[in-house]
Amino acid sequence: GNRPCGTHGIFFIAQTILPLAMSGQALMQMVGITVAHIVIVVVDRNIRMLRGTEKPTSFGKTRDGGEFTFADRVGKSHANCVENLVLFAAVILANQAYGRANIDDLAQYYVYARIIQAGAHWTSVGEAGVTVRFLAFLTSFTILCIMGYKTYVTL
């Protein structure tokens with residue numbers, strides 16, 4: 001019948017699946033970036049507790065406070081990653097499940113823009129840093145919208 005078999009079948013399956021795998025890798029990279037934020041905050045808090053400068057009950061929610069300390073900035077950046085990860089994952093998974101748009105390159109560019117945004121968030125609250133952070137966010141959001149549109153039209 002129409003069923004692929006043997007090496008031709010494997011080639012057919014590879015052609016169908018592989019183009020989607022790279023956007024899946026980008027999704028896992030974003031998960032890794034989000035988890036890295038948690039690790040950094042946990043390590044920072046443990047160091048401060050071991051030094052005796054903080055008690056376990058003295059930590060507030062890092063995402064709700066100011067951006068005065070490195071941990072505060074990482075916490076806010078983490079909250080931003082979580083908020084955007086949901087949208088990114090929805091587009092990637094919808095495309096892999098139902099669409100056939102080639103969004104692999106866009107997905108990787110999205111990750112690069114998010115890395116720039118996180119780096120700017122972690123390192124500066126000055127005007128230049130906030131501007132870089134905003135431009136990186138705007139870039140990633142634009143890429144996400146394009147990916148969403150490309151996926152939507154293939155459904």
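The paragraphs below go through the salt bridges, aromatic pairs, cysteines and a nonpolar surface patch of this structure, which is a predicted model.

Two salt bridges are found in the structure, and they share a residue, since Asp44, Arg48 and Glu54 are linked in a network of salt bridges. In one of them Asp44 is joined to Arg48, with 2.7 Å between the closest N and O atoms. Both of these residues belong to helix H1, which covers residues 6-51, and they stand four residues apart, or about one turn of the helix. In the other, the side chain of Arg48 meets that of Glu54 at 3.6 Å, N to O, a distance that counts because the cut-off for such a contact is 4 Å. The three members of the network can also be placed by their accessibility: Asp44 is partly exposed at 21% relative accessibility, Arg48 is partly exposed with a relative accessible area of 22%, and Glu54 is partly exposed at 25%. For Asp44 the value of 21% leads to the class partly exposed because buried means under 20% relative accessible area.

The aromatic residues come next. A search of the whole structure gives four aromatic pairs. Among them is the pair of Phe88 and Tyr110, which is stacked, with 4.2 Å from centre to centre and 5° between the planes. This pair links distant parts of the chain, for Phe88 lies in helix H2 (residues 70-97) and Tyr110 in helix H3 (residues 104-123), 22 residues apart. Phe88 and Tyr110 are both buried. Another of the pairs, formed by Tyr109 and Tyr112, is tilted, with 6.4 Å centre to centre and 50° between the planes. Tyr109 and Tyr112 both lie in helix H3, where they are three residues apart, about one turn of the helix. Tyr109 is partly exposed at 46% relative accessibility, and Tyr112 is likewise partly exposed, with a relative accessible area of 45%.

Turning to the cysteines, the count of disulfides comes to zero, by the rule that the paired sulfur atoms must lie within 2.5 Å. Cys81 is buried, with a relative accessible area of 2%, whereas Cys145 is partly exposed, with a relative accessible area of 41%.

On the surface, finally, Tyr98, Tyr149, Tyr152, Val153 and Leu155 make a nonpolar patch of about 680 Å². One of these residues, Tyr149, lies in helix H4, which covers residues 127-152. Tyr149 counts as exposed because its relative accessibility is 56%, and exposed means over 50%.

Technical notes
Residues numbered from 1 in each chain as written. Predicted model: local features only at pLDDT ≥ 70, side-chain atom pairs only at ≥ 80, totals over all residues. Heavy atoms only, no water. Helix = DSSP H or I, 4+ residues; strand = E, 2+ residues; numbered from the N terminus. Buried < 20%, exposed > 50% of the residue type's maximum accessible area, 1.4 Å probe, protein only. Patch = residues over 30% accessible without salt bridge, like charges linked within 9 Å, V, L, I, M, F, W, Y side chains within 5 Å. Areas by Shrake-Rupley, 256 points an atom, 1.4 Å probe, with all protein chains shown as cover. Phe/Tyr/Trp six-rings, centres within 6.5 Å; stacked < 30°, edge-to-face > 60°.
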